[in-house]
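Work through the exercises below with the model open beside you. Try each task before you read its solution.

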Amino acid sequence: MAIKTTPRLAIDGDAVLKEAILRISHADGANHTTRRDFLRRSLTLGGLTMLTGCTLVDDNSVASALMRISRMNDDVQGWLFDPNRLAPTYPDAMITRPFPFNAYYGEDEIRQVEESGYRLEVTGMVADKRKLSLPELRAMPQIDQVTRHICVEGWSAIGKWGGISFAHFLRHIGADLHARYVGFKCADDYFTSIDMPTALHPQTLLTLSYDGQPLPPKYGFPMKLRMPTKLGYKNPKHIQAIFVTNTYPGGYWENQGYNWFGGS
Ligand SMILES: Nc1nc2c(c(=O)[nH]1)N[C@H]1C(S)=C(S)[C@@H](COP(=O)(O)O)O[C@H]1N2
Ligand SMILES: [Mo]
């Protein structure tokens, strides 16, 4: 049995902000300006400039503003979240090979989910509580997307995931789109949950493939929710059940101190 030695529990909500800052400083060209302008506009809204006492004229002041904002909570991240702003996408040539594996256990303990008996359970505030087979899910319209996955452990990588628009999926099952949360239970006992605006974001995908192939076990067969607007730990692999609820469901790392919103 492999024991992970990375000191993960030391990470708190500030890690999320550090990741955001990393992203700003690594952004390039037009993206860079767009993001900086976006942040400046957002942070200025509601008098945040006064609150943080800086002019937000360069990335450092944006960074320090973000650091102060790190003491604020998930509600503020939810407020900053722009449902129409798209995360960067990349050409296939930029895909990181091999794409890293990560989980709360080692690679020798990757869960093997059987395709034949697999049914995705859908419960909670949905019109249509039921179990969906993989062929049913594969028959739904699929989208490919090349995006950057950022892990709070200090790495990021570009990967290509394919799957169903999650907004389309939620409408398909008759989810109450005014509910606060969508929760996920995974075959490896991992669990997490997200806010409804992120669930409905156009780049949030219920993915069944990685780089044109069925999702391999290490990347979460049979299904991973992929959100380029959120950090790695918010992207559940091996999804077994999805539930829509107004009761805060927390998450595996979130319950141990990771920031719940986990946006990047
Ligand atoms: N079911 C499950 N999903 C999970 C995890 C996990 O341990 N179990 N780890 C999360 C973390 S911290 C990261 S960085 C990514 C890693 O995904 P990858 O193996 O495709 O790189 O999966 C996320 N989703
Ligand atoms: Mo991660």
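The exercises go from the whole chain to sheets, cores, unusual backbone spots and the ligand.

This is a predicted model, where local features need pLDDT of at least 70, side-chain atom pairs count only at pLDDT 80 or more, and totals for chains, interfaces and linings use all residues. Residues are numbered from 1 along each chain as its sequence is written, while chains are lettered from A and ligands numbered from 1 in the order in which they are written.

**Exercise 1. Take stock of the protein.**
Task: State how many helices and strands the protein has, and what share of its residues count as buried.

Solution. Step one: take the elements from DSSP runs (helices are H or I, at least four residues; strands are E, at least two; both are numbered from the N terminus). The protein has eight helices and ten strands.
Step two: apply the burial rule. A residue is buried if 20 or more other C-beta atoms lie within 10 Å of its own, exposed if 12 or fewer, and partly exposed in between; the C-beta atoms are placed from the backbone. Of the 264 residues, 33% count as buried.
Step three: look at contacts (C-beta atoms, placed from the backbone, within 7 Å). Take the contacts between residues at least 6 apart in sequence: 68% of them join residues at least 24 apart.

**Exercise 2. Trace the open sheet.**
Task: Give the strand order of the five-stranded open sheet and find its edges.

Solution. Step one: pair the strands (DSSP must find at least two bridges between them). The order is 2-1-10-5-6, with mixed pairing.
Step two: find the edges. Strand 2 (130–132) and strand 6 each have a single partner strand, so one side of each has no neighbour in the sheet.
Step three: add the twist. Neighbouring strands are turned by 20° against each other on average, direction ignored. Axes here are lines fitted to C-alpha atoms, for helices over the stretch in contact, and angles run from 0 to 180 degrees between N-to-C directions.
Step four: check one pair. Strand 5 and strand 10 are antiparallel and share six bridges. Tyrosine 181 has threonine 245 in strand 10 as its bridge partner.

**Exercise 3. Follow strand 4.**
Task: Which strands pair with strand 4, and over how many bridges?

Solution. Step one: strand 3 (residues 143–151) runs antiparallel to strand 4, and nine bridges join them. Threonine 147 is bridged to glycine 159 of strand 4. Aspartate 144 stands opposite glycine 162 of strand 4.
Step two: inspect the turn. Three residues separate strand 3 and strand 4 in a hairpin, and glycine 154 in the turn has a positive phi of about 110°.
Step three: strand 7 is also antiparallel to strand 4, with five bridges. Here serine 165 stands opposite leucine 205 in strand 7.

**Exercise 4. Find the cores.**
Task: Which members of the largest nonpolar core touch the most other members?

Solution. Step one: recall the rule. A nonpolar core is a set of buried Ala, Val, Leu, Ile, Met, Phe, Trp, Tyr and Cys residues joined through C-beta atoms within 7 Å.
Step two: the largest core has 32 residues, and Phe166, Val182, Leu206, Ile239 and Ile242 touch the most other members. Among the elements that each supply at least two of its residues are strand 4 (155–165), helix 7 (166–172) and strand 10 (239–245).
Step three: note the second, separate core. This one has six residues, including Ile150 and Leu231.

**Exercise 5. Spot the unusual backbone.**
Task: Decide whether aspartate 189 and histidine 238 are buried or exposed.

Solution. Step one: most residues other than glycine have a negative phi, and most peptide bonds are trans.
Step two: aspartate 189 has a positive phi near 70°. Aspartate 189 sits in the loop between strand 5 and strand 6. This residue is exposed because 12 other C-beta atoms lie within 10 Å.
Step three: histidine 238 has a positive phi of about 50°. Histidine 238 lies in the loop between strand 9 and strand 10. With 24 C-beta neighbours inside 10 Å, histidine 238 is buried.
Step four: find the cis bonds. One runs from arginine 97 to proline 98, with omega near -5°. Another runs from phenylalanine 221 to proline 222, with omega near 5°.

**Exercise 6. Describe the ligand shell.**
Task: How many residues surround ligand 1?

Solution. Step one: count residues whose C-beta atom, placed from the backbone, lies within 6 Å of the ligand. There are 17, and the closest are Ala103, Cys151, Cys186, Tyr190 and Gly232.
Step two: sort by class. Ala, Val, Leu, Ile, Met, Phe, Trp, Tyr, Cys and Pro count as nonpolar, Asp, Glu, Lys and Arg as charged, and the others, Gly among them, as polar. The shell has ten nonpolar, four polar and three charged residues.

Definitions and conventions: Two residues are in contact if their C-beta atoms, placed from the backbone, lie within 7 Å.
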